[in-house]
Amino acid sequence: MEMGARILAAFLLSQVFCAGAQEEGEIDCTPGFQVKEYQVQYNGGFPAGEPLLQVAFNDCKGNQDVQFEVSHPDFVVDEEGRLSPRRDVIDSGTVMFIHGQSIHSDDMAQVDILGAPPRSPQTLREILGLGQIPYRQRRSLLVPPMFVPENQRPPFPRSIGKSHVISADMEENHVFHLTGKGADQDPKGVFRINRLTGEVAVQRPLDREAIAMYYLQVSTTDLSGKVVEGPVALEVSVIDQNDNRPIFQESRYAGEVLEGSPTGTTVMTMTAYDADDPNTENAVLRYHISKQSPSKPSPNMFYIDPEKGDIVTVISSSLLDRETLPTTQYELEIVAKDMAGSDVGLTGTATATITITDKNDHAPEFTHSLFQATVDEGSTGVIVNLTVDDRDDPATGAWRAVYSIINGNVGQSFEVHTNPDNNEGMLSVVKPLDYENTAYHTLLIKVENEDPLVPDVGYGPSSTATVHVTVLDVNEGPMFFPDPMVVTKRENVPVGSFVATLNATDPDILQTQSIRFALLKDPAGWLTVNPVKGTVNTTAILDRESPFVRNNMYSAVFMATDNGSPPATGTGTLVITLEDDNDNAPYVSPSVARVCEDAKDLNVVVLGGQDKDIYPNAEPFSIELGKQPGLEKTWKVSRINNTHAQVTLLHNLKRANYNLPLLVTDSGVPQLSNSTEIKVQVCTCKKNKMDCNSAWLVRSSMPLCLGLALLSILCL
């Protein structure tokens, strides 16, 4: 049964043959039997081992590993293509089928035996040993798969196979029809079928990369158009030709490998694509390096796996030294060839750029073991640039330098930083140096890389350097001590009173210099200074309540100048804390109060005492009615606390404005009093609204009014 299935499949494939007979001068090759039908004469039997005929089979690829099978078990086709019986055969039958197969072709040929008696059974199904053919829809219509090479040349049409009617009872007046994409559907007219013979032909060149398989249907009708058999599926496979070159997705690829990498290190992978049939050698690619640039130190520094496309290093790790190679970039021309790299294969190329990357295998080294620097005392900033050499790749952590002061920076007066532009070390003074204290400094500087060194490399003596710093003497200005100077004085001291003696010294102790004093800033103009002795005296009354005094303190700035060349100056501040005198009388607020004429609450206002002086020359305050007689019958002043008092009416007053005399006294020694008054407006109040506009009459107490009237009479 298995043998029969293979023979049947081969029979179907046997319908694929060269598109038309090989025209003279044509160079196309159609895989399979070049002759599809053979004839031998039956003369009573066939002796064992005697060749009957020579079959013509060509798979167009050299006929490697071609195998043949014969439908009659007593016949065999040898490697030379000769058909012969295994033993003496009498019952050969009238027909045999030969199945030829290789990896590139699968085809069938028919051998007719003329004059031979029929073998039983004689139907095709029985010859093949099958109960039924499983993949045809009707028993009487046989449609084998067909094969067409792509890119065929004219003339067209070319026959590619034939549909068969194998039923004995099939009428002769049948008509074949071909439908589907490639026949009556787009792309239309690619294939056609002979309506009478069932022969299928291709009408133009095909492109497998556009359409690899056509799915058609074959059916038969009678002359009236009635379907007799079908439709039966017809598969037309387009046989691939090597018409596509390998293509790399990019024209240039980039990879990198660390210097010192061991031989065999994978750098990158190059992969090309071939549009041909991946199941054939047309798309089997092989890679090789055709050129390396530059070619030194070896023209074969890299190798590419011919099948995988992996590029690996071949050069030894010791020679893969970025600092000794002629360049840090190598360009490889990579060639991909199909047909498994055979001479007839098509090629595609791309360029691989490989960068040799750096590792920190070189320690930075100072260009000098000793650097010199000078700096003026009292100044700050960069005093010297420290230069280093590093053979590693610039702008990487293996090249960038990190500096540190490992000795000599006792007062932390120095700092060193890396200049990002040139990798130099910038040594700076961050705390002013004093020539009189130390005129010379010796620093030990170390340089390292941001990245750690590789294990077999270390920092040597050249990674440290000595810096000698010479401090230059500068004429420094005098310095006040203390600064600020704070003294305490009572305000209102007489003009010319002594305040303080300024103290200034010259830090240039190795020089003999004199100092003169001057007043630089005196906001209130209260002071004067002796230029030689530095004594400060008053030129005006000191007033603690002056706007120039803040928090009881008055500040003045003085200048001291030496006689150096050139002269130098220094400044100092004198702060005078002023003690208070009771020289300001107290007063009250607010100065105006309002009350309704029909008010039930006769409390008029709460008065607060205030004083420009401070304790003990201010509160507690005494707030009471003035000394005018009769006030106590209408008004009352009640003490609330040390600073406030309540003013109350003893009875309602008519609408008018009243001036209430008051006497305010502080607690200083001696006490100061202030006779003052407040204005009380008695207003009309309706619906929570107060109308004070009509209070035009200003009234005082009745006795005061009578006294004023009497005074006016006496003056007449």
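# Reading strands and disulfides

User: Where shall we begin, and which strand does β6 pair with over three bridges?

Analyst: With strand β7, residues 82-85: β6 and β7 pair in the antiparallel sense over three bridges. Keep in mind throughout that this is a predicted model. At the level of residues, Phe75 stands opposite Pro85 in β7.

User: What is the strand order of the open sheet that holds β6 and β7?

Analyst: The order is β3-β7-β6, three strands with antiparallel pairing. To read such a sheet, look for its edges. Here they are β3 (53-54) and β6 (75-77), each with a single partner strand, so each has one side without a neighbour in the sheet.

User: Can we try that on another sheet? What is the order in the four-stranded open sheet with mixed pairing?

Analyst: Gladly! That sheet runs β11-β18-β17-β14. The strands at its edges are β11 (146-149) and β14 (175-180); each has a single partner strand, so one side of each is left without a neighbour in the sheet. Ignoring direction, neighbouring strands of this sheet are turned by 30° against each other on average.

User: How many bridges join β14 to β17?

Analyst: Six, and the two strands run antiparallel, with β17 spanning residues 213-221. For a pair to find in the viewer, take His177, whose bridge partner in β17 is Ser219.

User: Next, strand direction. Which way do β20 and β27 run, parallel or antiparallel?

Analyst: Parallel: seven bridges join β20 (residues 252-258) to β27 (residues 347-357). Strand β27 also pairs with β26 (residues 329-337), and there nine bridges join strands that run antiparallel.

User: Which residue of β27 is the bridge partner of Tyr253?

Analyst: Ala352 is the bridge partner of Tyr253. Now look at β26: Leu332 stands opposite Ala352 as well. Ala352 is therefore a handy place to see both pairings of β27, one parallel and one antiparallel.

User: On to cysteines. How many disulfides does the structure hold?

Analyst: Two. The general idea is that a disulfide is a covalent bond between the sulfur atoms of two cysteines. In this model, one joins Cys596 to Cys685, with 1.8 Å from S to S. This pair links distant parts of the chain, 89 residues apart: Cys596 lies in strand β47 (residues 592-596) and Cys685 in strand β53 (residues 673-686).

User: Is the disulfide of Cys596 and Cys685 left-handed or right-handed, and what torsion tells us?

Analyst: The torsion about its S-S bond is about -90°, so this disulfide is left-handed.

User: Which cysteine is joined to Cys683?

Analyst: Cys692, again with an S to S distance of 1.8 Å. The link of Cys683 and Cys692 has 100° about the S-S bond and is right-handed.

User: Are Cys683 and Cys692 buried or exposed?

Analyst: Here a cut-off helps: buried means under 20% relative accessible area. Cys683 has 0% relative accessibility, so it counts as buried. Cys692 is at 9%, and so counts as buried too.

User: Where does Ser159 lie, and is it buried or exposed?

Analyst: Ser159 lies in strand β12, residues 158-162. Its relative accessible area is 10%, so Ser159 is buried.

User: Which side chain does Ser159 meet in a polar contact?

Analyst: That of Glu199: a polar contact of 2.6 Å joins the two side chains.

Definitions and conventions:
Residues numbered from 1 in each chain as written. Predicted model: local features only at pLDDT ≥ 70, side-chain atom pairs only at ≥ 80, totals over all residues. Heavy atoms only, no water. Pairing = 2+ DSSP bridges. Disulfide = S-S within 2.5 Å. Buried < 20%, exposed > 50% of the residue type's maximum accessible area, 1.4 Å probe, protein only. Axes fitted to C-alpha atoms, helices over the stretch in contact; angles between N-to-C directions. Polar contact = N/O pair within 3.5 Å; in protein donor to acceptor, adjacent residues only side chain to side chain.
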